[in-house]
Amino acid sequence: MIVDLSRANAPLRRVPSSAIYVVSAFWAAWLFYLAATGGLGVEPIEALEHRYGLLALQMLIAVLAITPLRQFTGLSLLRFRRALGVSAFGFVLAHFLVWAILDVGTWDAIAADIIKRPYVTLGMAGFILLIPLALTSNDYALRRLGAIRWRRLHQLGYLATLFAAVHFIWLVKGLQFEPLIYTAILLFLLSLRLRSRKSRAA
Amino acid sequence: MAHRWKNDLSIADATPYAAYMNRRQIMAGAAGLIGATALGLGRATAQELVPNSWDEITSYNNYYEFGTEKQDPRRNAGRLTTSPWTIEVDGLVDNPGTYDLAELIGGLEVEERIYRFRCVEAWSMVIPWNGIELADILTRVGVQEGANYVAFETVMRPDEMPGLRYPVLDWPYREGLRLDEAMHPLTIMATGIYGRPIPNQNGAPIRLVVPWKYGFKSIKSISRITLTRDEPFASWNRANPREYGFYSNVNPEVDHPRWSQATERRVGAGLFAGRQPTLMFNGYEAEVASLYAGMDLTAYY
């Protein structure tokens, strides 16, 4: 353990995990309201699309950070992980819908973009990978699949998040740092996971 | 040489801004209610040459020397000292030298030009510039025989431009035009917007405006003009030649490798306005198409 944050666990137990859903839904609605009323600047379509997309990426990374966080600090946020993951998917869905309906707007153009634009293709692939994860984020699916198969399925989260990070690098103009930072954090989290698996195997 | 081109509309002819926004908002409300089924509804079909508001034009900018976010230039560009301002003129010119801005453009006719402005990122505005035909400035410095291109450079001041710390591009920002493009009556050097001095985030004190090309060609805060024999360095073209051609004429039929250029988002149109079609040469086909006669525009994009 690097820093001991386990003292926070007791008060956190009193926070219901549904708070994550409430805050996420409110946040998404608030951003939509801002975009519709000029609060996100003079080009709200792009602004809203990017805000939803960025929040989705940040939350996906947060989900993947929960296990290492417990290992290194003793802070246990495991009971929030499902709500955080499902909410992250909600933001991915919102990001997709703003892009498809408010931005691109026609079926032909949506299909053309998905096929012809590699960064869109990659974003779509990440989105599709997350669908089975969102659908199985409940106790019933966990029981039906069994813990091992369920866990294996949910390891797709790493791949989907990696797709999202590369999607971000790919869409900006020139050499910009922000998307590279998210990718670096993600690769760091992934390396921790692979290392702990190796030490367990040894 | 001034007055070689007339606006098809003046600001007085245009729909008052408030009325224009109201009309859009009514359509937006309808589209919003119908939601996902509203695909294709609430789209502005007619191309209206209604200038964007001062606030829109000055709050949504690409000026990477001040940061890569659209709001960064307005936040950070205040630090740029624009007076005094000198421009170095060199290369194949009769009168090379370092000119004070007033000396270079003093006495030349400043006109109002309401132009469409189309960014390579597929957003657009309409901007009422005040500027001088570049041809007038080039004539003043004397273009020599053998000059084929005009190269421009943006001022590079790390103390005043926080974005220069990041290697987004090979600084300083540089752009170029073929001489006939530079001498074209539509090509201006803008010093104002809406009759006011051009704000720093829009390229003070003087910038190029080439309305039929993607916005990045219209280089800001110019500190050097060079007449050259060969095609000059152009920043985005060098950074990624596959994505940004030297010509970069607005062309709805030639897509950017990462996105379509067939349509554009009109800045200020709101969340529900959708996209409008992009026009060939950004609507200036009649004026400029002859410059590219016989050229394959998919090869010289």
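Helix 5 (residues 134-141) of chain B lies across strand 1 (86-91), strand 2, strand 5, strand 6 and strand 10 (222-228) of chain B, and runs at about 100° to strand 5 of chain B. Contact here means heavy atoms within 4.5 Å. Helices (H or I, at least four residues) and strands (E, at least two) are DSSP runs, numbered from the N terminus. Axes are lines fitted to C-alpha atoms, for helices over the stretch in contact, and angles run from 0 to 180 degrees between N-to-C directions.

The model is predicted: local features need pLDDT of at least 70, side-chain atom pairs count only at pLDDT 80 or more, and totals for chains, interfaces and linings use all residues. Residues are numbered from 1 along each chain as its sequence is written, chains are lettered from A and ligands numbered from 1 in the order in which they are written, and side-chain values use heavy atoms, with hydrogens and water left out.

Helix 5 of chain B is mostly covered, since six of its eight residues are buried (under 20% relative accessible area; exposed is over 50% and partly exposed is in between, with a 1.4 Å probe and protein chains only). Among the buried residues are Leu134(B), Asp136(B) and Val141(B). After helix 5 of chain B comes Gly142(B), with a positive phi near 80°.

The strands beneath discussion belong to an open sheet of five strands in chain B, ordered 2-1-10-5-6, with mixed pairing. Two strands pair if DSSP finds at least two bridges between them. Strand 2 (97-100) and strand 6 (174-178) of chain B are the edge strands, each pairing on one side only. On average, neighbouring strands of this sheet are turned by 20° against each other, direction ignored. Strands 5 (residues 149-154) and 6 of chain B pair in the antiparallel sense over five bridges; Glu153(B) has Arg174(B) of strand 6 as its bridge partner.

Certain backbone angles in chain B also deserve attention. Most residues other than glycine have a negative phi, and most peptide bonds are trans. The bond from Ser83(B) to Pro84(B), however, is cis, with omega near 0°, and Pro84(B) lies in the loop between helix 3 (72-76) and strand 1 of chain B. The bond from Trp171(B) to Pro172(B) is also cis, with omega near -5°; Pro172(B) is in the loop between strand 5 and strand 6 of chain B. Phe281(B) has a positive phi, near 50°, and is buried, with a relative accessible area of 2%.

The empty spaces come next. The structure holds four cavities of 30 Å³ or more, and the largest has about 340 Å³ of space. On a 1 Å grid over the protein atoms alone, a cavity is a set of points where a 1.4 Å probe fits but cannot get out, while a pocket is an open set with protein on both sides within 12 Å along at least five of seven lines; lining residues have an atom within 4 Å of a point. Grid points are joined across faces, edges and corners, and a volume is the space filled by probe spheres set on the points. Of the 25 residues lining the largest cavity, those closest to its centre include Asn62(B) and Lys220(B).

The second largest pocket has about 950 Å³ of space. Its lining has 30 residues, and Arg81(A) and Trp150(A) are among the closest to its centre.
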